[in-house]
Amino acid sequence: MRQFPLFHTFCLILITFSYFSDEIYSFAPTTILSSTAVQQNRSRILYATGSSENPEEVIGKTIIVKGDVNGGYVRTCIKNEASNFRRLIGTMSPPGDDNTATIYVEGKRKMVEGFVRWCSKGTAKVGLSQKLELVEANDEVPTGLYDGFYVKLD
C-alpha cells in the first residue's frame, strides 16, 4: 500500500483546517486574514474595476414572462431555478388569459441578474417543446415578506 509523503499529508491537513475554519491562513505563519478583510478587499477590487454595483447587495425584481406558463413543467423549472439553484425568494403569479405570468424575486444582485438572464434565454433553457419569453424586468425595493419561492396556483 502506498503512503503519502509527509509533505502531502501536511498540505491535506492545512487545506482541511482552512476549509472548516472562519479564517483564511496564508502560507506565511505570521499573516492571518479574517474573512471580513477578504470580503472588503473583494469589494474594493470590484469598485476599482469600474463596477459600481455590489454583487452581494439584496435587490428585488418584477419579471413578466410569456409562453407556456400554464404548464406544470415550465412552472416547476422556474421554481427550481429560482429557489434551489439561485436561492431566491419571492412568488410566481397564476398565468393570465394571455399566457403571461408575473414573477417577483428577491436576493443577492448577482443571483437575481442571473435569474433574469436565465428567463431571457427562455425556450433554450426550459427545453422540450415548451416556450418561455421574457417580456420585461423592473427593479423593485425588496420587501422581505417571503421566506421561500412560491408558485401560486389558480
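User: Why is Cys 77 called buried?
Analyst: Buried means under 20% relative accessible area, with exposed over 50% and partly exposed in between, using a 1.4 Å probe and protein chains only. Cys 77 comes out at 16%, so buried is the right label. This is a predicted model, where local features need pLDDT of at least 70, side-chain atom pairs count only at pLDDT 80 or more, and totals for chains, interfaces and linings use all residues. Side-chain values use heavy atoms, leaving out hydrogens and water, and residues are numbered from 1 along each chain as its sequence is written.

User: And what makes Cys 119 buried?
Analyst: Its relative accessible area is 0%, so Cys 119 meets the under 20% cut-off.

User: How many disulfides does a search of the whole structure find?
Analyst: Zero. A disulfide needs a pair of cysteine sulfur atoms within 2.5 Å.

User: What makes S3 and S5 paired strands?
Analyst: Strands are DSSP runs of E, at least two residues, numbered from the N terminus. Two of them pair if DSSP finds at least two bridges between them. Nine bridges join S3 (58-67) to S5 (100-108), so this antiparallel couple qualifies. Ile 63 stands opposite Ile 103 in S5.

User: Why are S6 and S7 at the edges?
Analyst: The open five-stranded sheet has the order S6-S3-S5-S4-S7, with mixed pairing. S6 (132-140) and S7 (149-151) each have a single partner strand, so one side of each lacks a neighbour in the sheet. From one strand to the next, the twist averages 15°.

Notes:
Helices (H or I, at least four residues) and strands (E, at least two) are DSSP runs, numbered from the N terminus. Axes are lines fitted to C-alpha atoms, for helices over the stretch in contact, and angles run from 0 to 180 degrees between N-to-C directions.
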